[in-house]
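Please open the model in your viewer and keep the selection panel at hand. The stops below are meant to be followed in order.

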Number of protein chains: 2
Amino acid sequence: MTEDGTHGRPGRWRSGAESKQRILETARELFGEHGYSATTVRAIATAAGVDPAMVFYFFGTKHGLFGAAVEMSGNVPPAIESIFAGGLDTIGERIVRTLVENLDKSGRTPLVMLTRSAPTDAQSEALLREFIDREITDRLAALLGTPDAALRAAMVNVQILGLTVARYIMRIEPIASSSVDELVDRFGPLVQHCLTGPTAS
Amino acid sequence: MTEDGTHGRPGRWRSGAESKQRILETARELFGEHGYSATTVRAIATAAGVDPAMVFYFFGTKHGLFGAAVEMSGNVPPAIESIFAGGLDTIGERIVRTLVENLDKSGRTPLVMLTRSAPTDAQSEALLREFIDREITDRLAALLGTPDAALRAAMVNVQILGLTVARYIMRIEPIASSSVDELVDRFGPLVQHCLTGPTAS
DNA sequence: GCCTTTCTTCACCACCCGATGAAGAACACG
DNA sequence: CGTGTTCTTCATCGGGTGGTGAAGAAAGGC
């Protein structure tokens with residue numbers, strides 16, 4: 001552990017902010033890859049080249065670290081804003097494009113982390129549900145205004161969840177390696193149909 | 001632990017098959033509720049009113065128990081067969097109806113168990129992928145025969161995954177409490193469009 | 001009756017987990 | 001230079017995990 005001449009001796013040799021940042025990035029990576037409970041504090045610390053105790057020094061609990069890693073104030077909101085900026089008749093395309101483009105940038109997106117952990121971790125499920133309701137369902141339903149708005153918005157959630165799981169978590173082919181444009185072409189109309197399409201009955 | 005006069009003393013007082021069955025049912029319940037890694041052998045044993053060692057006596061490893069709990073030979077196949085029994089023009093409805101009706105019968109369905117565990121457990125992911133490929137994707141793609149058949153079949157997978165996660169795992173409203181007919185009306189055409197609908201390009 | 005097989009319990013192992021507390025080294029400031 | 005704060009390491013704790021081995025009790029075969 002003395003490969004760079006800095007490890008192995010106690011004391012301060014790095015700014016605290018740097019270590020904190022490093023832990024945070026590693027945590028995002030591992031939480032995003034294996035979910036909350038399957039990721040250990042020790043694994044994060046080791047991968048970040050840091051003593052496990054530092055994690056607790058900076059973030060208190062594993063809980064707290066996850067909360068900090070999943071925090072996304074100011075990052076996603078502008079992207080979501082652009083969804084609602086245009087007309088209702090092409091909103092399907094914008095939803096799919098915004099979703100895929102943002103998630104493609106980095107696999108350690110909070111949304112992917114939460115979607116991965118939600119099925120087995122109650123806390124993650126609560127956070128994900130809260131986010132989806134607040135940023136997607138409620139706004140979509142309000143925008144529609146029809147009697148079945150809630151159901152239509154929920155159908156969009158199904159599309160978002162299915163797409164996220166298939167492309168970023170289970171990496172099902174050929175969904176996982178399709179281009180953004182291909183997915184927009186395929187799923188855009190589908191999402192559009194959820195919101196403004198006719199009903200069977 | 002002596003409430004029924006049978007616990008607390010060693011020896012045989014029940015047929016082995018009965019205990020094995022009891023463990024299996026409890027395992028399906030708990031695995032389906034909390035996923036693979038979050039469910040402990042001890043929890044299953046306790047809930048089944050059995051010593052933890054019995055689990056290993058009957059199933060060898062936790063691994064083996066999960067495999068046995070997820071086994072579904074002869075149960076799902078007939079249901080899937082009915083999907084491909086009819087024409088291609090109403091297959092969307094049949095897919096949704098078969099899926100929802102089978103999963104509604106019991107939350108401890110192997111498909112739900114696997115879908116819940118897949119995001120955080122590599123073994124579950126492999127099993128789920130194998131099942132989906134063999135029973136859904138390959139057969140759908142073969143039935144279609146078009147150049148984009150693989151992509152269209154994968155889009156159906158997205159619908160199935162999204163619907164399963166939303167209704168049975170995250171229990172998103174109003175998807176979770178909708179009637180079977182409602183879901184068939186809403187998602188049937190969507191799935192149908194995935195398979196036989198026109199393309200944007 | 002005995003003896004073997006089957007089922008059940010108990011005690012235990014090594015390991016890993018999240019978390020704590022003390023103590024020391026590097027820095028910042030006076 | 002000295003003092004206090006910040007960062008870092010280490011040793012450790014209590015608890016839970018999957019898994020093992022021996023030993024004992026009930027049942028079946030002869």
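The tour goes from confidence to one helix, then to the contact between chains and the core.

This is a predicted model, in which local features need pLDDT of at least 70 and side-chain atom pairs count only at pLDDT 80 or more, while totals for chains, interfaces and linings use all residues. Residues are numbered from 1 along each chain as its sequence is written, and chains are lettered from A and ligands numbered from 1 in the order in which they are written.

**Stop 1: confidence**

Colour chain A by pLDDT, the predictor's confidence in each residue, from 0 to 100. The mean for chain A is 90, with 92% of its residues at 70 or more. Now select residues 1-7 of chain A, where pLDDT stays under 50. Where pLDDT is low, the predicted coordinates should not be read in detail.

**Stop 2: helix α1 of chain B**

Helices here are DSSP runs (H or I, at least four residues), numbered from the N terminus. Select residues 16-34 of chain B: this is α1, whose 19 residues reach 27 Å from first C-alpha to last, close to the 27 Å expected. The expected span is 1.5 Å times one less than the number of residues.

Next, show the buried residues of α1(B), among them Ile23(B), Leu30(B) and Phe31(B). Buried means that 20 or more other C-beta atoms, placed from the backbone, lie within 10 Å of the residue's own. The buried residues of α1(B) pack against α2 (41-47), α3 (52-59), α4 (62-70) and α7 (110-117) of chain B. Just after the helix, Gly35(B) has a positive phi of about 85 degrees.

**Stop 3: where the chains meet**

Show both chains. The contact takes 35 residues from chain B and 35 residues from chain A, two residues being in contact if their C-beta atoms, placed from the backbone, lie within 7 Å. On chain B, α8 (122-144), α9 (149-169) and α10 (180-196) each supply at least two residues; the largest share, 13 residues, comes from α9(B).

**Stop 4: the axis**

A turn of 180 degrees with a shift of 0.0 Å along the axis lays chain B on chain A with an RMSD of 0.1 Å, after least-squares superposition on C-alpha atoms of residues with pLDDT of at least 70 in both copies. That is the relation of a two-fold axis. Select Gly162(B): of the residues of chain B, its C-alpha comes closest to the rotation axis, at 1.8 Å.

**Stop 5: Val156(A)**

Finally, select Val156(A), which touches Ile95(A), Ile136(A), Leu140(A), Val191(A), Cys194(A) and Leu195(A), not counting residues up to four places away in sequence.

Technical notes: Buried ≥ 20, exposed ≤ 12 C-beta atoms within 10 Å, placed from the backbone.
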